[in-house]
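Me: Hey, I'm new to this one and could use a quick tour. Can we start with what sits in the middle?

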Amino acid sequence: MSYRQSQFSNFVREYRNARSWSQEELSRRTGLSRPEISAIETGRLVPSTAAALDLADAFGCRVENLFRRADVREPIHAWKSTGMNGAV
């Protein structure tokens with residue numbers, strides 16, 4: 001698994017956990033199967049562009065936030081504590 005792929009996988013899980021969603025809930029919100037969500041989170045599956053956009057829509061964030069390095073990405077607590085969703 002590449003460094004970029006592992007970062008993306010961790011961010012998907014981080015965003016999902018920040019919302020207290022199960023993989024099943026994220027599956028329902030995105031149309032991706034629960035096994036696909038699991039595979040993305042563990043780095044066994046690189047999401048398609050469409051899947052990445054669906055994930056960003058479900059989280060209410062910009063798709064770039066799922067791919068950016070942790071040191072330049074919008075902090076999750078910003079939208080969680082203020083009600084902001086990170087969308088522009």
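Me: So which residues touch the most other members in the largest nonpolar core?
Reply: Those are Val12, Leu26, Leu32, Leu55, Phe59, Cys61 and Leu66, out of 14 residues in that core. Keep in mind that this is a predicted model.

Me: Which helices supply at least two residues of this core?
Reply: α1 (3-18), α3 and α4 (49-59) each do.

Me: And which one gives the most?
Reply: That's α4, with five residues.

Me: Okay, zooming out. How many helices and strands does the protein have?
Reply: Six helices and zero strands. Going along the sequence, the pattern reads α-α-α-α-α-α.

Me: Back to α3 for a sec. Which of its residues are buried?
Reply: α3 covers residues 34-41, and its buried residues are Ile37, Ser38, Ala39, Ile40 and Glu41.

Me: What comes up just after α3?
Reply: Gly43, which takes a positive phi of about 80 degrees.

Me: Now the whole protein: what share of the residues is buried?
Reply: Buried residues make up 41% of the 88 residues.

Me: How about the surface, what does the accessible area come to?
Reply: About 5000 Å², and 52% of that belongs to carbon and sulfur atoms.

Me: Last thing, contacts. Among those with a separation of 6 or more, what portion comes from residues 24 or more positions apart?
Reply: 63% of them.

Technical notes
Residues are numbered from 1 along each chain as its sequence is written. This is a predicted model: local features need pLDDT of at least 70, side-chain atom pairs count only at pLDDT 80 or more; totals for chains, interfaces and linings use all residues. Side-chain values use heavy atoms; hydrogens and water are left out. Buried means under 20% relative accessible area, exposed over 50%, partly exposed in between (1.4 Å probe, protein chains only). Helices (H or I, at least four residues) and strands (E, at least two) are DSSP runs, numbered from the N terminus. Contact means heavy atoms within 4.5 Å. Accessible areas come from the Shrake-Rupley method with a 1.4 Å probe; for residues, only the protein chains shown count as cover. A nonpolar core is a set of buried Ala, Val, Leu, Ile, Met, Phe, Trp, Tyr and Cys residues joined through side-chain atoms within 4.5 Å.
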